[in-house]
Amino acid sequence: MKDKTFDFLGTKFTIKVLSSETDHRYTVLDVIHPPNLGPALHKHPRRSETFYIIDGDYNFISDERPIGGKPGNTIFVPKETPHRLEVGSKGGHANCNKSSRT
C-alpha cells in the first residue's frame, strides 16, 4: 500500500511510487536500515535496483566487487547480478528504485 510504512526484519520500507503508477516500469521505496545489517547475497532475475544514499554508510558487494556508499552516492545493480549490502554502525536511509524493464 502506497505511503504506508512496513517492517521487514527490522528494515522500514515505505512505497513512494507504485509500479501501477509507472506502467509497471519501476517502483520507488524509501528505506530505513537498522545498524550493522543487510540482506544476504541475492539477485533479481527480472529487475535492476538503484540505490540513492540519503544518510549513513553502506558497503555493497555487487558481482563480487566492493562498492562504498555515502550520502549523495547512487549505486546501480543490474538484473541477474549477485549482490548484498551492509549498513554501517549508525544505520542508514536510502531510496531504492526497482526497475522492471531493463
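How do the residues of the lining of the largest pocket divide into nonpolar, polar and charged? The split is 14 nonpolar, six polar and two charged. Here Ala, Val, Leu, Ile, Met, Phe, Trp, Tyr, Cys and Pro count as nonpolar, Asp, Glu, Lys and Arg as charged, and the others, Gly among them, as polar.

This is a predicted model, with local features needing pLDDT of at least 70 and side-chain atom pairs pLDDT 80 or more, while totals for chains, interfaces and linings use all residues. Numbering starts from 1 along each chain as its sequence is written, and side-chain values use heavy atoms, without hydrogens or water.

**Stop 1: the pocket.** The largest pocket has a volume of about 460 Å³. Select Phe8, Thr11, Phe13, His33 and Pro39, the closest to its centre of the 22 lining residues. (On a 1 Å grid over the protein atoms alone, a pocket is an open set of points where a 1.4 Å probe fits, with protein on both sides within 12 Å along at least five of seven lines; lining residues have an atom within 4 Å of a point.)

**Stop 2: the rings.** Three aromatic pairs are counted. Select Phe6 and Phe13: their ring centres are 5.4 Å apart and their planes at 15°, so the pair is stacked. (Rings of Phe, Tyr and Trp, its six-membered ring, pair if their centres lie within 6.5 Å; planes under 30 degrees apart are stacked, over 60 edge-to-face, the rest tilted.) Next, Phe51 and Phe60 make a tilted pair, 5.1 Å centre to centre with 55° between the planes. Add Tyr58: ring pairs link Phe51, Tyr58 and Phe60 into a cluster.

Notes
Points joined across faces, edges and corners; volume = space filled by probe spheres on them.
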